[in-house]
Amino acid sequence: MISRDECVARDAGDELAALRREFTLDAGILYLDGNSLGPVSEAVRVRVNETIDQEWAKGLVRSWNEAGWMAAPTRLGDRLAPLIGAQPGEVLVADTLTFMLAKLIGAALDQRPDRHVVLTDVANFHSDIYIVQAMANRAGRPITVKPIDRATLDDELNGEVALVMLTHVDYRTGEMLDMKGITTKVHAVGALVLWDFAHSAGAVPLDVTDADVDFAAGCGYKYLNGGPGAPAFMYIRSSWQGVLENPLPGWLGHARPFDFELDYEPAKGMQAFVTSSPSIIALAALDGALDVWDHASMSQVRAKSLAMTDLFIALIDQRLEGVFEVVTPRDHAKRGSQVALRHAEGYGVVQALIERGVIGDFRAPDICRFGFTPLYLRYVDVFDAVEHIVQVMTSEVYRDPRFAVRNPVT
Ligand SMILES: *Cc1c(COP(=O)(O)O)cnc(C)c1O
């Protein structure tokens with residue numbers, strides 16, 4: 001049996017331990033939901049306050065020029081690029097994720113005008129499926145969107161397929177897909193690939209260059225801690241730049257926005273995928289949130305993430321044998337940075353845990369989801385969270401009717 005003292009000792013030897021102090025986390029809370037909304041860091045507060053008090057209050061409209069506001073989407077894109085293995089000039093930060101996906105889907109479909117099928121995962125996030133269907137309906141030619149069981153992808157790939165859109169880490173189960181292997185297969189039939197990194201960026205090592213990914217996008221508010229509704233990012237491989245067209249063009253993606261020309265001419269590089277005014281305060285928050293990555297490498301984060309999820313799974317196995325089904329793969333190569341436990345009364349279990357300060361979340365129909373974020377969680381937090389889970393399950397408090405009332409956000 002793994003003891004609490006062993007966990008305390010692991011924390012004492014943890015290279016990332018000091019980073020926890022950068023984040024604001026209430027003492028009574030065990031926060032296992034950074035995969036849904038990351039916590040706020042001191043650097044975020046500082047950057048947002050500077051942006052308001054200096055750039056906005058004093059600089060006013062001059063700050064579009066003097067504080068570099070116009071360049072913020074591409075500057076932040078360059079800052080984020082190393083986290084996904086991209087090069088400078090290949091990443092843009094703007095909008096939110098569903099909008100980014102819309103732009104990339106629309107642009108990608110234009111590049112395969114003779115093909116009529118889009119494949120996506122039936123287990124994909126619902127928003128991804130809605131937007132891919134909507135963009136396909138508006139592509140100007142008949143396109144069939146097939147949400148498939150991803151295990152059958154090989155059988156579905158053929159010369160009719162224009163685009164394959166997949167989420168790299170399954171939001172429900174935490175399973176991580178083989179990005180390079182799948183990308184290679186998709187390219188072998190001449191199709192394009194779009195990866196959703198919502199649960200990958202800041203959580204697992206990514207190398208879009210090595211995997212030869214065409215397009216990718218992800219959100220800023222999950223493992224990147226950019227704040228509620230933070231801007232998203234998109235990646236377009238350099239070889240596509242100047243070829244791919246933004247299907248939602250706006251003035252700030254124009255080569256000369258202040259010439260007010262009526263004919264659209266795209267700016268060079270990622271700027272062409274900017275549609276409208278950048279949300280400067282939100283970008284400042286994300287900028288501050290990225291500071292922590294100056295002090296942590298993705299390989300350190302991955303090593304601790306796997307150690308924490310291994311620890312959580314081992315404790316659940318030892319202390320609650322047969323109570324939950326561990327849905328997340330035990331194989332490291334297939335695991336993101338969360339653990340999903342299946343239980344028929346999962347909603348009540350998660351609500352009972354939240355009442356005790358253990359914050360995870362629930363994904364219908366029966367998944368209790370716990371995110372493990374190495375930047376601010378300790379091994380002892382994992383131990384204590386499992387202790388609470390044991391108490392909730394053995395007392396059966398989760399059956400209490402007060403935990404059956406569904407909140408709008410689960
Ligand atoms: C969180 C998440 C989203 C959220 O999209 P927004 O447009 O930022 O609200 C989309 N797709 C996936 C796979 C997600 O996990």
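Asp294 is exposed in this predicted model, with a relative accessible area of 54%. Its salt-bridge partner is Arg79, and the closest N and O atoms of the two sit 3.4 Å apart. Arg79 belongs to helix H4 while Asp294 is in the loop between H10 and H11, so this pair ties together parts of the chain that are 215 residues apart in sequence.

Arg79 also meets Asp291 side chain to side chain, in a salt bridge with an N to O distance of 2.7 Å. Here again the contact bridges a long stretch of sequence: Asp291 lies in the loop between helix H10 (280-290) and helix H11 (298-319), and Arg79 lies in helix H4 (residues 72-84), so parts 212 residues apart are tied together. Asp291 is partly exposed, at 28% relative accessible area, and Arg79 is partly exposed too, at 26%.

Over to another salt bridge, the one between Glu345 and Arg399, where the closest N and O atoms are 3.0 Å apart. This pair links distant parts of the chain, 54 residues apart: Glu345 is in the loop between strand S10 (338-342) and helix H12 (346-355), and Arg399 is in the segment after helix H13 (379-395). Glu345 counts as partly exposed, with 32% relative accessibility, and Arg399 does as well, with 46%. Back with Arg79, shared partners join its salt bridges into one network with Arg47, Glu50, Glu55, Arg75, Asp287, Asp291 and Asp294. Across the whole structure, the search turns up 35 salt bridges.

Now for the ligand. Its surroundings include Thr96, Leu97, Phe125, Thr167, Asp196, Ala198, Tyr221 and Lys222, along with three residues that come with polar distances. A polar side-chain atom of Thr98 is 2.6 Å from a ligand oxygen, and an N or O atom in the Asp128 side chain is 2.7 Å from a ligand nitrogen. His199 places a side-chain N or O atom 2.9 Å from an oxygen of the ligand. On its own the ligand has 390 Å² of accessible area, and the protein covers 86% of that.

On the surface, Trp56, Leu60, Val61 and Ile281 make a nonpolar patch of about 410 Å². Trp56 sits in helix H2 (residues 42-56) and counts as partly exposed, at 47% relative accessibility.

As for cysteines, Cys7 is buried, with a relative accessible area of 1%, and Cys368 is buried as well, at 0%. The structure holds zero disulfides.

Notes
Residues are numbered from 1 along each chain as its sequence is written. This is a predicted model: local features need pLDDT of at least 70, side-chain atom pairs count only at pLDDT 80 or more; totals for chains, interfaces and linings use all residues. Side-chain values use heavy atoms; hydrogens and water are left out. A disulfide is a pair of cysteine sulfur atoms within 2.5 Å. Buried means under 20% relative accessible area, exposed over 50%, partly exposed in between (1.4 Å probe, protein chains only). Patches are made of residues with over 30% relative accessible area and no salt bridge: like charges are joined within 9 Å, nonpolar side chains (Val, Leu, Ile, Met, Phe, Trp, Tyr) within 5 Å. Accessible areas come from the Shrake-Rupley method with a 1.4 Å probe; for residues, only the protein chains shown count as cover. A salt bridge is a side-chain nitrogen of Lys or Arg within 4 Å of a carboxyl oxygen of Asp or Glu. Helices (H or I, at least four residues) and strands (E, at least two) are DSSP runs, numbered from the N terminus. A residue is near a molecule or strand if one of its heavy atoms lies within 4 Å of it. A polar contact is a pair of N or O atoms within 3.5 Å; within protein, one must be able to donate a hydrogen and the other to accept it, and residues adjacent in sequence count only if both atoms are side-chain atoms.
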